[in-house]
Amino acid sequence: MTLSVEAHFSQKLADNVPDNREKALKEIGEWFETVSVTSAVLDEDILLKIWKGLYYYFWHCDKMLVQEEKAEVISQYIHNFRSVKLSFLYLETFFKTMAREWHGIDRFRLDKFMMLTRFLCVKVFS
């Protein structure tokens, strides 16, 4: 049984081993560039699964400087897409993921996810 690309990335992004998470974060940025140029189909379902992995990746970031660095990297991915349509789909699926997961964010992680939201909104307008 083989995993789909989005399931593979989601599992690696939510892994307990930090090195695996970091490697997956780098690979997903490269994959976004590749998939937006090729004829591969990137739809909402795939991006929702990837965002779930990114959400749990960011959940594991504990120190403030690491959170800022990773929020910058994740938000920068909006510019990895070669089409505006895919960039907006990336943003839309981010907000859908945050709406879905919002009830599970405790008060200790609230600032972290608000920072990610701010970083992503800044990247949209830059």
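E92 is partly exposed, with 37% of relative accessible area. On this scale, buried means under 20%, exposed means over 50%, and partly exposed lies in between (1.4 Å probe, protein chains only). The model is predicted: local features need pLDDT of at least 70, side-chain atom pairs count only at pLDDT 80 or more, and totals for chains, interfaces and linings use all residues. Residues are numbered from 1 along each chain as its sequence is written, and side-chain values use heavy atoms, with hydrogens and water left out.

E92 pairs with K96 in a salt bridge. Here a salt bridge is a side-chain nitrogen of Lys or Arg within 4 Å of a carboxyl oxygen of Asp or Glu. The closest N and O atoms of K96 and E92 are 3.2 Å apart. Both residues lie in helix α5, which covers residues 84-101. They are four residues apart, about one turn of the helix. K96 is partly exposed, at 35% relative accessibility. Helices are DSSP runs (H or I, at least four residues), numbered from the N terminus.

By the same rule, the salt bridges number nine. Side chains of opposite charge can pair when their charged atoms come close. R109 and D106 form one such bridge, at 3.0 Å from N to O. R109 is partly exposed at 22%, and D106 is partly exposed at 28%. Shared partners also join E22, E69 and K70 into one network of salt bridges. Within this network, the closest N and O atoms of K70 and E69 are 3.4 Å apart. K70 counts as buried, at 9% relative accessibility, whereas E69 is partly exposed at 44%.

Helix α5 also meets helix α6, which spans residues 110-124. Their axes come within 12 Å and cross at roughly 160 degrees. Axes are lines fitted to C-alpha atoms, for helices over the stretch in contact, and angles run from 0 to 180 degrees between N-to-C directions. Angles over 145 degrees count as roughly antiparallel, so α5 and α6 are roughly antiparallel to each other.

L110 is found in α6 and is partly exposed, at 32%. Together, W102, L110 and M114 make a nonpolar surface patch of about 240 Å². Patch residues have over 30% relative accessible area and no salt bridge; nonpolar side chains (Val, Leu, Ile, Met, Phe, Trp, Tyr) are joined within 5 Å, and like charges within 9 Å. Accessible areas come from the Shrake-Rupley method with a 1.4 Å probe, and for residues only the protein chains shown count as cover.

Notes:
Helix = DSSP H or I, 4+ residues; strand = E, 2+ residues; numbered from the N terminus. Parallel < 35°, antiparallel > 145°, perpendicular 65-115°, else oblique.
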